[in-house]
Amino acid sequence: MRLARGAPRGGQETMVTDGAVRERLLARRAELQARAQRVRADLQRQNEALSPDFAEQATQRENDDVLGAIELSAKEELEQISRAILRLDRGEYGYCTRCGAEIDAERLEAVPHAERCAACARAARR
Ligand SMILES: [Zn+2]
């Protein structure tokens with residue numbers, strides 16, 4: 001008996017995972033956008049309700065800094081995700097943007113928007 005499966009697509013199996021990766025990236029992007037929006041709303045609320053008490057104001061400003069940092073990291077990740085989606089569109093996804101080597105599947109599993117292979121990422125951190 002023959003299974004009603006499509007013809008094997010030689011070398012095309014990455015297309016299947018591309019769709020899954022894209023979905024993950026889009027979901028993560030939506031999540032980050034929602035978070036950035038919440039943070040922005042928080043910041044706005046705090047600025048509007050700045051306490052007349054100086055000590056209290058200092059605490060609020062510190063909170064603002066923390067929120068600002070969260071927003072910044074969300075923004076950075078959003079940009080990385082946008083670039084990853086772009087690379088998917090171009091068929092360049094999964095390759096190191098620095099040296100062109102294939103990025104570890106494990107690494108992509110953990111960080112779907114990874115732009116560099118582990119070696120290049122390590123080198124950049126130094
Ligand atoms: Zn590399």
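**Exercise 1. Classify Val39 as buried, exposed or partly exposed, and describe its surroundings in this predicted model.**

Solution. Val39 has 19 C-beta neighbours inside 10 Å. A residue needs 20 or more to be buried and 12 or fewer to be exposed, so Val39 counts as partly exposed. The next step is to place the residue: Val39 belongs to helix H1, which covers residues 13–48. Its contacts, once neighbours within four places in sequence are left aside, are Leu67, Ile70 and Glu71. A further distance concerns Asp64, which lies 25 residues from Val39 along the chain, with 9.4 Å between the two C-alpha atoms.

**Exercise 2. Determine how Val66 is placed relative to Val39, and whether Val66 is buried or exposed.**

Solution. Begin with the separation: 27 residues of sequence lie between the positions of Val66 and Val39, and their C-alpha atoms are 9.9 Å apart. Val66 itself is part of helix H2, residues 54–90. Now count neighbours: Val66 has 11 C-beta neighbours inside 10 Å and therefore counts as exposed.

**Exercise 3. Compare the span of helix H2 with the expected value, and identify buried residues in H2.**

Solution. Helix H2 comprises 37 residues. At 1.5 Å a residue, the expected span is 54 Å. The distance from the first C-alpha of H2 to the last is 53 Å, close to that expectation. As for burial, Ala74, Ile81 and Ala84 of H2 are buried. After the helix comes Gly91, with a positive phi near 75°.

**Exercise 4. Establish whether Val21 is buried or exposed, and which residues it touches.**

Solution. Val21 lies in helix H1. Its count is 20 C-beta neighbours inside 10 Å. Because the cut-off for burial is 20 or more, Val21 counts as buried. Discounting residues up to four places away in sequence, Val21 touches Leu88, Tyr93 and Pro112. For Pro112, the sequence separation from Val21 is 91 residues, whereas the C-alpha to C-alpha distance is 6.9 Å.

**Exercise 5. Assess the exposure and contacts of Ala118.**

Solution. Ala118 is in helix H4, residues 118–125. With 14 other C-beta atoms within 10 Å, Ala118 is partly exposed. Apart from neighbours within four places in sequence, its contacts are Asp104 and Arg107. Asp104 is 14 residues away from Ala118 in sequence, and their C-alpha atoms are 7.7 Å apart.

**Exercise 6. Summarise the composition of the chain: how many helices and strands does it have, and what percentage of its residues count as buried?**

Solution. There are four helices and zero strands, giving the pattern α-α-α-α along the sequence. The chain has 126 residues, of which 9% count as buried. Among contacts between residues at least 6 apart in sequence, 53% join residues at least 24 apart.

**Exercise 7. State where confidence is lowest and highest among the helices, and which stretch has pLDDT below 50.**

Solution. Start with the chain: its mean pLDDT is 83, and 87% of its residues reach 70 or more. Turning to the helices, confidence is lowest in H1, with a mean of 83, and highest in H3 (residues 105–110), at 92. Over residues 3–13 the pLDDT falls below 50, and this stretch has zero contacts in the model beyond near neighbours in sequence. Where pLDDT is low, predicted coordinates should not be read in detail.

Note on methods: Residues are numbered from 1 along each chain as its sequence is written. This is a predicted model: local features need pLDDT of at least 70, side-chain atom pairs count only at pLDDT 80 or more; totals for chains, interfaces and linings use all residues. Helices (H or I, at least four residues) and strands (E, at least two) are DSSP runs, numbered from the N terminus. The expected span of a helix is 1.5 Å times one less than its number of residues. Two residues are in contact if their C-beta atoms, placed from the backbone, lie within 7 Å. pLDDT is the predictor's confidence in each residue, from 0 to 100.
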